[in-house]
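The exercises below concern aromatic rings and their surroundings in a predicted model. Each task is followed by a solution that goes step by step.

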Amino acid sequence: MTNQASSSSSSSSSLLSSLGSVLPHFSLHRATNVSPKRHPALQKFESRLAEKLEALKLAGEELGFLSIDWFLQSMTVVLASHSNVEALIPDLQFPLSDKDDKWMDEYLNDSAKLLDVCNVLKEGISDVEHYQMLVQVALVNLDNRESFSEAKYHRARNALQDCKEAIKTKDTEYKQGQPKSKLENCSSMLRTMGEKLVNPKGIDAVKGNGFLNAIYGAKVTTIFLCGLLVIALACKPKRPLVNLSVTNQYLWSSSLLSLQHTIKEETDKRKNGGSIALLCELDSVDSSVRRLHQLIDRNLLEKKFPLHKDQAGELRQLVEDLSKNSAHLGSGLGPLEQYVNELFRILIDSRLALLDILSKSKKRQAI
């Protein structure tokens, strides 16, 4: 993202952040009072958002939904939504009605919570990076370019056992009766925010350039996509994905509904298939870790080292699989964290910009 794009996105992004909830399940209700007229700027915003959501669905079919590459692309959609909202600010009409003032206050409260969400997401990514470090310890001890020793197999097994324990602590299904993790609390907070999400209504919501409607679209998009990232980092969610209500009056509504339906099918399939991690690459690494640990542990217990030819070949293949899967996961964690950092910065900048605009508007009214 260029500095210019970042700065422009800042003034609007916070808006979009009032985001609130994690939940990828959206139900669409027919609107009976759809306005046939849209400001050209709002029309452009909604069309762009619809296109990006459609592209995200196509990317999922190509890259795999809930993969690290798909999440990277989904975060670009979130950031772009912030930038596109910013374009509507110059034509924003003040003063807003009392009803819209209240809506803005709610947004500002929610945007503050979203800053906490960003911090939790960064911690969640850091946890996966620590898991990756344990995987690398195991791989170093299984590097076939150096001579093997039973001590190295022991170190590799211990590191792989630590990997299994690390994933187990992230799986919320193993933690009943224990304090919730930060990711679980974050999910609950987003769920509550999403349940309180209110669609702007009336003439005031579409006057001028339809600013509040654009903010709403950005909010819903961020709630949906950041919510998915939260549950992916938390592994299996203890509760089913929560439904959010989205009206049918927007150009992006059907695109969002279609994407959300596809994502729900994918999450259900992965959960029913026994995956602990909803993040595809993390699940693949976990699977490789378990198979490799089982092989090494069994042979250590049975004192079968050095391995005979067939078992040595199986070991090499498992090590190769783990190395490949781990490399793919690791390559996406850094960029993903950068996107979350960018979202955090945008939220702060846009929050300050909106507060400044509202303050100047009230001063004009007082004169």
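**Exercise 1.** Determine whether W70 is buried or exposed, and then describe how its ring is placed relative to the ring of F71.

*Solution.* The relative accessibility of W70 is 0%, and because buried means under 20%, W70 counts as buried. The ring centres of W70 and F71 lie 5.5 Å apart with the planes at 75°, and since an angle over 60 degrees counts as edge-to-face, this pair is edge-to-face. F71, at 1% relative accessibility, is likewise counted as buried.

**Exercise 2.** Work out which cluster F65, W70 and F71 form, beginning with the geometry of F65 and W70.

*Solution.* A search of the whole structure yields five aromatic pairs. In the pair of F65 and W70, the centres are 5.9 Å apart and the planes stand at 65°, so this pair is edge-to-face. F65 has a relative accessibility of 8% and therefore counts as buried. Taken together, F65, W70 and F71 form one aromatic cluster.

**Exercise 3.** Locate L66, and state what can be said of its phi angle and of its burial.

*Solution.* L66 belongs to the loop that lies between α2 (40-63) and α3 (68-86). Its phi is near 65°, which is a positive value in a residue other than glycine. With a relative accessible area of 2%, L66 is buried.

**Exercise 4.** Identify the ring over which the charged end of K122 sits.

*Solution.* The ring is that of F344, and the charged end of K122 sits over this ring at 4.9 Å from its centre.

Notes
Residues are numbered from 1 along each chain as its sequence is written. This is a predicted model: local features need pLDDT of at least 70, side-chain atom pairs count only at pLDDT 80 or more; totals for chains, interfaces and linings use all residues. Side-chain values use heavy atoms; hydrogens and water are left out. Rings of Phe, Tyr and Trp (its six-membered ring) pair if their centres lie within 6.5 Å; planes under 30 degrees apart count as stacked, over 60 as edge-to-face and the rest as tilted. Buried means under 20% relative accessible area, exposed over 50%, partly exposed in between (1.4 Å probe, protein chains only). A charge sits over a ring if NZ of Lys or CZ of Arg is within 6 Å of the ring centre and within 35 degrees of the ring normal. Helices (H or I, at least four residues) and strands (E, at least two) are DSSP runs, numbered from the N terminus.
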